[in-house]
Amino acid sequence: MKYHFNEIEAKWQKYWAKNQTFKADNSSDKPKFYVLDMFPYPSGAGLHVGHPLGYIASDIYARYKRHKGFNVLHPMGYDSFGLPAEQYAIQTGQHPAKTTEENITTYRRQMDQIGFSFDWSREIRTSNSDYYKHTQWIFTQLFKSYYDKDEDKALAISDLVKTFEREGNSNLNAVCDEETPFFDANQWNAFSEKEKQKILLNYRLTFLSDTEVNWCPALGTVLANDEIVNGVSERGGHPVIRKKMKQWSMRITAYAQRLLDGLDKIDWPQPLKDSQTNWIGRSEGSMVRFKIQNSKFSISVFTTRPDTIFGVSFMTLAPEHELVAKITTNEYKEAVEKYVQATAKRSERDRMADVKTISGQFTGAYVEHPFTGEQIPIWIGDYVLASYGTGAVMAVPCGDQRDYDFAKHFDIPIPNIFQDIDISEHACEDKTAVIANSDFISGMPAKKAMKRMIYELEQRNIGEGKINYRLRDAVFSRQRYWGEPFPVYYKDGMPQMIDTKHLPILLPEVEKYLPTEDGKPPLGNATQWAWDTKKSTVVSLQSVDNKMIFPLELNTMPGWAGSSWYFNRYMDANNTDKFASQEALNYWKDVDLYIGGSEHATGHLLYSRFWQKFLFDKGLVPVEEYAKKLINQGMILGTSAFVYRWEYTDVRDNTSETIFVSKNKMEQIIKERTIIEQSKKNKTKDKWSGFTPIHADVSFVNASNELDIEVFKNWRDEYKNAKFITEEDGTFIVGREVEKMSKSKYNVVNPDDICHDYGADTLRMYEMFLGPLEQAKPWNTAGITGVHGFLKKMWRLYYSGKEESFSISDEEPTKEEYKTLHKTIKKVEEDIANFSFNTSVSTFMIAVNELSALKCNKLAILEPLAILIEPYAPHIAEELWEKFGHKESVATAIFPVFKETYLVESTKVYPISFNGKMRFTMELSLDLSREDIEKAVMAHEKTQKQLAGRTPKKVIVVPGKIVNIVG
């Protein structure tokens, strides 16, 4: 029987689905193991061969753990709210739900054909109302909570209200907005209901506020910092500007220190931990207040170097700082406004990354130095961000290179406050330098000076010691349709939560998915989008004049809302009442192995840790960190194909022509052109434009890098009449370059094609064989034949003879056969434990080669071999397992046990040397003594022949190594 992989794989995929082979039990006596992949957004393009890499790795581990006796939860679902489906809806009018459903159908078919052991009974989709019902519920719990610093946890907002009623907030140690006023109990009780609600918004863990956001006009929505790349939207590459909008935000800053501390308790990659540590950005220093001259305002500044305050020579505000418009003098108003507008077009990340450009604008205003009373000019500069610290910097150019460069550029004085340090060329950034020219801290080392300065600031009531974090509260609003609706209505302009018993609040139907004509989000197009508090239902907007009917929130939640808790939902995915039962949560507790991309380091992986800590505070989950171990899989890179476009214009008739030139010809033309231009003999009088590389679809190119010209010409209208300069033999050679596999680069390889041509087992093993899991590696379809050949060779171990029938012997294996099996068991277990899946594939190849050479067909060897390879190549393993007569899936079989005894050598092949030159070898028992070894060697006929009757001077015997006869 030949290896008909397509038939075999279809057969077992059908079997697994019918029998729910991989369904996990919430009440098993087995130890639990939870393996999780970052669930995908189902895009219209489907999966390419780069996507399954992490899924294959996690599947190998999940299958292995089942063999080791664990109750394994290995679920899959879809992060199905997303901007692409909405953009498609805007273009075509097709509802995002329909587009999403079609895309999911493709994803599910592709994942099934690769043979993943997912528990599909727990499938989740974040865009399904039975899922986002619980996302809405968690949002309401955040709204009803505040963060108590003394308890270091989230507590109920109702408890906070009781504290206010009893004693006000003067003695309260809670996280809140900085502008929150102080009040006593009498004042609180005298406040109107609306005033109380406004104050409570300053404490709630999810709150409304006017926030500087990244606004993308083309997409009509706010973007998070991690959704912006190089100053444009990650999705579509559209311009992004900064503007103030009323937004929902999450008070993630309340958890900043716990998010840092928690990193020590989880086994996550150090580079990812470093990313989160830097993103949170903890720094110790002090707040200092500078009074603005001739104004009622003052500027608060956070600095990590309060000891350098006597070196301040100017103040820099973020262009978007709220005081800029209030303090700018008439003389500089126009210039300041122009600078502010220019800065609004740049993202925060772009501004942070640009360390070369020096720009700024003087406001005409001054502050007073808090110790000397000197006049200090106030500038604005785009290197200062409103979202970090207070949005203001006390510039000490002698001690900070960026301030130094700014001062030099704008001719601002640079006073020196460091003892015996030359600052004529650059700033002194030595934090151990002794302070000078600084009144009462002169002569002190920096550390001592800092302590003294903080003391003086507090004594004079002009500042205080403070720990600051770079982390900002996370904007939680999106001006789009395809997202979770907020369970919020507005009464007298204040947000009210809809009672949780009425959840979910469903997305309404709309005719248009664009913002309304007056600029409201797409939900403003809905005719049924108001809340009837009497009937507790969604009703028509026409009824808002009714005193019991109020408008609903028009924004939707961001893409990270549903992904911030989905790992808990898998534990009890079909629970209709709660996001998961306490029993299920207590059984599964946390994710034992999480695999996904490092690009989510400061997005999903940070927000989800925040939500988990909140749920833990509320007693809703049993652990504070949801994933014990995380692995970031590397990227599979594509090998792109390039054609080279040559454009020139003939100045005689001003005609231009587009020509595509084969790679070798292009290089030849460049050489010749260089020679012509250097000799000034260019008589054609054409304008040289050089060559422009253009991506060509890799499917148009064969293994020899030859382009199918006719297919390429028919690819796009503008190429139909293009001319092609080929090689001498008529072929057109493309250029090649390894880069990210992407639809936009036309270098995508479809796993459907690989599964059809070689089989899913070949795809699985080849992806692992490419290299270490965490590293990037290029895809090369040509290399897959080796892995496919290996599987066919393995198949022939079980099917032998002319008729290729299943032929297995009950004979006792030889010691060589046992040795091959057990060294394979040992190596594969070690590799799986270390996630070194690529070396396991090599081990399997070696084992099959050795067993083939031994012509092994022994049951005791080949049956455990089928179990060994099952995590990697489950379809062929199932087929072989069935041939052994087993009725249950091989997935339930116990993993073979390694026995050291089979690797212990009982004999040694000794090299027998004469005067240091080896003449022959002898296999002797390792149990022989030195004397017995010498006797056996001396008695051998080849020894006698070498000695020719002579008596050796001495015989050197090293047991287990060598024998050397001297003389």
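Here is a walk through the structure above, from its overall build to some of its local details.

This is a predicted model, and a good place to begin is the whole chain. The protein chain has 967 residues, and buried residues make up 53% of them. Its secondary structure comes to 30 helices and 36 strands. If you follow the C-alpha trace along its principal axes, the chain spans about 115 × 85 × 75 Å. For a feel of those distances, take lysine 823 and phenylalanine 371: their C-alpha atoms are separated by 75 Å, and the two residues are 452 apart along the chain. Lysine 823 belongs to helix 25, which covers residues 815-833, and counts as partly exposed because its relative accessibility is 31%.

Let us go inside next, to helix 23. How many of the 10 residues of helix 23 are buried? Nine are, so this helix, residues 760-769, is largely enclosed by the rest of the structure. The buried residues include some with charged side chains as well as nonpolar ones: Asp761, Arg764 and Glu767 are among them, and so are Leu763, Met765 and Tyr766. Just after helix 23 comes glycine 771, with a positive phi of about 160°.

Empty space is the next topic. Rolling a probe the size of a water molecule over the atoms shows where such space is left. In this model the search finds one cavity of 30 Å³ or more, and the volume of the largest cavity is about 30 Å³. Which residues line the largest cavity? They are Arg346, Arg351, Asp354, Thr357, Asp382 and Arg402. Five of these lining residues are charged and one is polar, with no nonpolar residue in the lining.

Now for the charged pairs. Side chains of opposite charge can pair when their charged atoms come close. The model has 44 salt bridges, counting a Lys or Arg side-chain nitrogen within 4 Å of an Asp or Glu carboxyl oxygen. One of them joins the side chains of lysine 32 and aspartate 592, at 2.8 Å from N to O. This pair links distant parts of the chain, 560 residues apart: lysine 32 sits in strand 1 (residues 32-37), while aspartate 592 sits in the loop between helix 18 (582-588) and strand 23 (593-596). Both lysine 32 and aspartate 592 are buried.

Aspartate 592 also forms a salt bridge with lysine 628, where the closest N and O atoms are 3.2 Å apart. Lysine 628 lies in the loop between helix 19 (604-617) and strand 24 (630-632), so this pair ties together parts that are 36 residues apart in sequence. The two partners fall into separate burial classes: aspartate 592 counts as buried because its relative accessibility is 11%, whereas lysine 628, at 42%, counts as partly exposed.

A local pair is found in helix 4 (residues 96-114), which holds both glutamate 102 and lysine 98, four residues apart, or about one turn of the helix. An α-helix has 3.6 residues a turn, so residues three or four places apart point the same way. The closest N and O atoms of glutamate 102 and lysine 98 are 2.7 Å apart, and the two form a salt bridge. Glutamate 102 is partly exposed at 37% relative accessibility, and lysine 98 is partly exposed at 46%. Elsewhere, salt bridges link Arg258, Arg609, Lys613, Asp617, Glu624 and Glu625 in a network.

The backbone deserves a look too. Most residues other than glycine have a negative phi, and most peptide bonds are trans. Where is a cis bond found? The peptide bond from leucine 503 to proline 504 is cis, with omega near 5°, and proline 504 is placed in the loop between strand 19 (494-497) and strand 20 (530-532). Lysine 855 has a positive phi near 55°; this residue is in the loop between helix 26 (837-853) and helix 27 (859-869) and is exposed, with a relative accessible area of 71%. Asparagine 915 also has a positive phi, about 55°, and lies in the loop between strand 33 (907-914) and strand 34 (917-925). At 52% relative accessibility, asparagine 915 counts as exposed.

We finish on the surface. Ile956, Val958 and Ile962 make a nonpolar patch of about 190 Å². Valine 958 lies in strand 35, residues 954-958, and counts as partly exposed because its relative accessibility is 32%.

Terms used. Residues numbered from 1 in each chain as written. Predicted model: local features only at pLDDT ≥ 70, side-chain atom pairs only at ≥ 80, totals over all residues. Heavy atoms only, no water. 1 Å grid on protein atoms, 1.4 Å probe; cavity = no way out; pocket = protein on both sides within 12 Å on 5 of 7 lines; lining within 4 Å. Points joined across faces, edges and corners; volume = space filled by probe spheres on them. Patch = residues over 30% accessible without salt bridge, like charges linked within 9 Å, V, L, I, M, F, W, Y side chains within 5 Å. Areas by Shrake-Rupley, 256 points an atom, 1.4 Å probe, with all protein chains shown as cover. Helix = DSSP H or I, 4+ residues; strand = E, 2+ residues; numbered from the N terminus. Buried < 20%, exposed > 50% of the residue type's maximum accessible area, 1.4 Å probe, protein only.
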